Amino acid sequence: MAEERSYLKQFTDLGLAEAILRAVSAEGYTTPTPIQADVIPAMLAGHDVLGTAQTGTGKTAAFVLPLLNQIAARGTPPRPKTATALIMSPTRELASQIADNIRIYGQFMRVSVALVVGGARAMPQIRALSRGVDIIVATPGRLLDHASSGAVRLDHTNIVVLDEADHMLDLGFMPAIREILQMVAKPRQTVMLSATMPKQIRNLAREFQKDPVQISAGSDSPAISRIAQSVVQTDNASKRHVLTTLLSAPEVGRAIVFTRTKRCADTVHLHLQNAGLSAGAIHGDKSQGERSNALASFKSGRTSILVATDIAARGIDVDDISHVFNYELPDAAEAYVHRIGRTARAGRSGIAISLCAPSERNLLRGIERLIGTPIERHAGSFGQAANFDEPRRVARR
Ligand code: AMP
């Protein structure tokens, strides 16, 4: 339904300011994605929004464009130590990408943005906040620190966006989010976007939103239908070799390799480097500088493989990822959907290959239940990767 509606609308039909339309057109966007066609008019009309949206659906522009529109219409600069709008996101990487997007979509207007995230020095953030800003993009913990110390007050903030609310819940940010929402001005516009809608997010919406417009884009994930998914059944001891074999295939362009733990990410990264492949790694134990460098090298094409944990990779906005490899299956089935959504972005197709050891078969079944279809098992078409399971079973008999 949403898909059909979006084709009827052009960006120019949505009521956005000229400066924003110019930026959208400079980015090469012609038609709004379904979530944009739904969220932009709802936000422009001043409604609260509760949306189910996966990464890759164009959700960032869906909330950033109307937010910029409101800032362009306002015209008065924010008072010192205040902010007009607040966007909260689960990770530094995602927050920094949102801030980048605001600068791109706001390039033809005056807009000030402060990035307030953990793992970066507090002083420059405090200085930026002291002048007053149009938009704060923040991870909840660091923002709460600044709000508690008086570096910023949120009682003039009347637009709040929670992006990837379910992931913030997983990371334990709910108490901080509640405290922050209590500090924010009333009345206000509150937008919550989440890949999944667990009970806690619905409760949060009930508590902090007023009659929200409910929007669902991608709960049955149109992106997933464009991803060729498969499983290579193997065992833990063989995984490294299987992975290098798969990564060496000529059709692999830009690939992300997911691991469950930071330690495993380091081991796999080292193994790939030793195998002569150009790879970087990001995870929570890397410094902000290391993560930024690894991401920049990957984006620019200096490295073609990025090894990542789930948390570090959330929201990474890199187009043209041809393959996602799950070196280990994630504990939570939803994370699988997020992982494979790194490919097939912006209408493209992609390939997702999961290495599954016998101990991970339960996880695989959980994933298949969630996505509602079995994933094809491979035997034979990946060279060495194919037959690990069989000979070992035979040997045990
Ligand atoms: P997101 O879901 O916000 O991470 O966006 C996914 C990708 O889609 C990003 O690379 C955006 O630049 C791109 N994108 C967003 N909106 C549009 C649009 N209307 N047309 C084409 N590409 C878009």
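1. **Pro187 and its peptide bond.** Start by finding Pro187 in this predicted model: Pro187 sits in the loop between α9 (174–183) and β6 (189–194). The bond to look at here is the one joining Lys186 and Pro187, a cis peptide bond with omega of about -5°. For background, most peptide bonds are trans, and most residues other than glycine have a negative phi. Keep the second half of that in mind for the next point.

2. **Two residues with positive phi.** Glu164 is not a glycine, yet has a positive phi of about 55°. Look for Glu164 in the loop between β5 (159–162) and α8 (165–170). Asp211 is not a glycine either, and its phi is positive too, at about 45°. The loop that holds Asp211 runs between α10 (199–208) and β7 (213–217). Are these residues buried or exposed? Glu164 counts as buried because its relative accessibility is 3%, under the 20% cut-off. Asp211 counts as exposed because its relative accessibility is 70%, over the 50% cut-off.

3. **The cysteines.** How many disulfides does the structure hold? The number is 0. Cys264 is in no disulfide, and the nearest cysteine sulfur, that of Cys356, is 14 Å away. As a reminder, a disulfide is a covalent bond between the sulfur atoms of two cysteines. Why does Cys356 not form one with Cys264? The sulfur of Cys264 is the closest cysteine sulfur to that of Cys356, but at 14 Å the distance is too far for a bond, because the two sulfur atoms of a disulfide have to be within 2.5 Å. Cys264 is buried, with a relative accessible area of 14%, and Cys356 also counts as buried, at 1% relative accessibility.

4. **Asn69 in its helix.** Move next to helix α4 (residues 59–74), where you will find Asn69. With a relative accessibility of 13%, Asn69 counts as buried. Which residues is Asn69 in contact with, leaving aside its neighbours within four places in sequence? They are Gly15, Leu16, Ala17, Ile20 and Leu44. Try displaying these residues together with Asn69.

5. **Arg369 as a counterpart.** Helix α16 (residues 361–371) contains Arg369. Arg369 counts as exposed, since its relative accessibility is 65%. If you would like to practise with distances, take Arg369 and Thr259: they are 110 residues apart in sequence, and their C-alpha atoms are 21 Å apart in space.

6. **The whole protein.** Now zoom out. The protein has 17 helices and 14 strands. Along the principal axes, its C-alpha atoms fill a box of roughly 75 × 45 × 40 Å. Does the radius of gyration point towards or away from a compact globule, and what are the values? A compact globule of 397 residues would have a radius of gyration near 21 Å, and the protein has 22 Å, which agrees. Of the 397 residues, 56% count as buried. Among contacts with a separation of 6 or more, 76% are between residues 24 or more positions apart.

7. **Surface and charge.** To finish, consider the outside. The protein exposes about 17,100 Å², and carbon and sulfur atoms supply 50% of that area. As for charges, there are 46 positive and 37 negative ones, and the mean positions of the two groups are 5 Å apart.

How values were computed: Residues are numbered from 1 along each chain as its sequence is written. This is a predicted model: local features need pLDDT of at least 70, side-chain atom pairs count only at pLDDT 80 or more; totals for chains, interfaces and linings use all residues. Side-chain values use heavy atoms; hydrogens and water are left out. Helices (H or I, at least four residues) and strands (E, at least two) are DSSP runs, numbered from the N terminus. Buried means under 20% relative accessible area, exposed over 50%, partly exposed in between (1.4 Å probe, protein chains only). Contact means heavy atoms within 4.5 Å. The radius of gyration is taken over C-alpha atoms; the globule rule is 2.2 Å times the number of residues to the power 0.38. Accessible areas come from the Shrake-Rupley method with a 1.4 Å probe; for residues, only the protein chains shown count as cover. Lys and Arg count as positive and Asp and Glu as negative; His and the chain ends are not counted. The place of a charge is taken as NZ of Lys, CZ of Arg, CG of Asp or CD of Glu.
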